[in-house]
Amino acid sequence: MVSYRRILLKLSGEALASNDQSIDPEMLKKVVNVVQSALDLGVEVAIVIGGGNIFRGANLALNGMNKITGDHIGMLATVMNALAVSDAFERHNIPCEVMSGFSIGGGVCDSFDHKKAKNALSEGKVVIFSAGTGSPCFTTDTAAALRATELQAEVLLKGTKVNGVYDKDPAVHSDAIHFKEISYSDVLSKNLRVMDLTAITLCKENSLPIRVFNINQSGDLKKVVEGDKIGTLIRG
C-alpha cells in the first residue's frame, strides 16, 4: 500500500559524488534506481538537487569572495547536477523535466512554474528543480521546503548518507542518539543540523512532514513511500 502519491526528494550534491569525482556515473545509476522504485508504485516524484559536490561558496568566502557571488556560482552548480541527473533518467527511459529557479536561455531548461510542474508530475514525469530558490542567501534545503509546499507534496524526503536524525554526528560520536520521530520545535531548539532552520520553519508553518533516510540503502525509498517507518520523521 502506498502512503504518498506526490513526494519531493531532496538530494545533496554529495549524493551524486564518490571519492573525488564531482559527478560519479555509478551514483547517477543509483539515483535512477531509487527513483524508479517509487515511480513503479505510481508515486509522483519531484527532486531538488544541491551543488556542494561541485562548488561550496562558504570556503571561498573565507578567502575574500563576495558571498552573493559565491551563492550565484553555487546555484549554477545545482543546474549542472540537475542536467546530469536528467540525462541519466532519459537514458533509462524515464521522462523528466528540469526547471531552474532563475531564467536560463539557450534552451537549457525552463524557469520554474508551479502549474507546469504539477502538470508534468501528473503526466508521470520526474521534475528536477535546480538553482535553489533563484535567490542568493537561501539554501537548497529551503528551496526543497518551498517547492514541496508549492507543489502540495505530501512529504519532503531528505536522502542523506545516514539513517536519519541524530543528536550529534554519528560518524564522530559513537554514543550519538538516533531519533525515530522528532518535532519541528525540538529540531529548532536543539539546533540539529539536518536541514537549515529556515527550511524547518517553513515546513512547520505549512505542516509539511519531513522524513530523513539513507539514500544509499537499497530499497529504502520504496519502503518509505509504502509507509515503513525508516529513518526519522519530523513533524508536529
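The legends below describe several close-up views of one predicted protein model.

Residues are numbered from 1 along each chain as its sequence is written. Because this is a predicted model, local features need pLDDT of at least 70 and side-chain atom pairs count only at pLDDT 80 or more, while totals for chains, interfaces and linings use all residues, and side-chain values use heavy atoms, with hydrogens and water left out.

**View 1. The whole protein, with its eight helices and eleven strands.** Helices (H or I, at least four residues) and strands (E, at least two) are DSSP runs, numbered from the N terminus. The C-alpha atoms fill a box of roughly 50 × 50 × 35 Å, taken along the principal axes. For 236 residues, a compact globule would have a radius of gyration near 18 Å, and the 17 Å of this protein agrees with that; the radius is taken over C-alpha atoms, and the globule rule is 2.2 Å times the number of residues to the power 0.38. Buried residues make up 47% of the 236 residues, where buried means under 20% relative accessible area, exposed means over 50%, and partly exposed lies in between (1.4 Å probe, protein chains only). Of the contacts between residues at least 6 apart in sequence, 72% join residues at least 24 apart, a contact being heavy atoms within 4.5 Å.

**View 2. The open sheet of nine strands, with mixed pairing.** Read across the sheet, the order of the strands is E4-E3-E5-E2-E1-E6-E10-E11-E9. Two strands pair if DSSP finds at least two bridges between them. The edge strands are E4 (110-111) and E9 (181-182), each of which pairs on one side only.

**View 3. Strand E5 (residues 126-130) and the strands that pair with it.** Strand E3 (residues 96-100) pairs with strand E5 in the parallel sense over five bridges, and strand E2 (residues 44-49) also pairs with E5 in the parallel sense, over three bridges. To find these pairings residue by residue, one may begin at Phe-129 of E5, which is the bridge partner of Met-99 and which also has Val-48 standing opposite. Ser-130 of E5 is the bridge partner of Ser-100. In a regular strand the side chains alternate between the two faces of the sheet. In E5, Val-126, Ile-128 and Ser-130 point one way and Val-127 and Phe-129 the other way, and all are buried, so that the strand is mostly covered, with five of its five residues buried.

**View 4. Strand E10 (residues 210-214), largely enclosed by the rest of the structure.** The strand is described as largely enclosed because five of its five residues are buried. Both of its faces are covered, with Ile-210, Val-212 and Asn-214 buried on one side and Arg-211 and Phe-213 buried on the other. Strand E6 pairs with E10 in the parallel sense over five bridges, and within E10 the bridge partner of Gly-159 is Phe-213. Strand E11 (residues 232-234), by contrast, runs antiparallel to E10 and is joined to it by three bridges, with Leu-233 in E11 as the bridge partner of Arg-211.

**View 5. Asn-93 and Gln-152, two loop residues with a positive phi.** Most residues other than glycine have a negative phi, and most peptide bonds are trans. Asn-93, however, has a phi near 60°, and its place is in the loop between helix H3 (67-91) and strand E3. Gln-152 likewise has a phi near 60°, and is found in the loop between helix H5 (140-151) and strand E6 (155-160). Asn-93 is exposed, with a relative accessible area of 71%, and Gln-152 is exposed as well, with a relative accessible area of 59%.

**View 6. Arg-5, in the segment before strand E1 (6-11).** At 52% relative accessibility, Arg-5 counts as exposed. Residues up to four places away in sequence are not counted here, and Arg-5 then touches Leu-41, Gly-42, Val-43, Glu-44 and Glu-154. Although Arg-5 and Gly-42 are 37 residues apart along the chain, their C-alpha atoms are separated by 7.2 Å.
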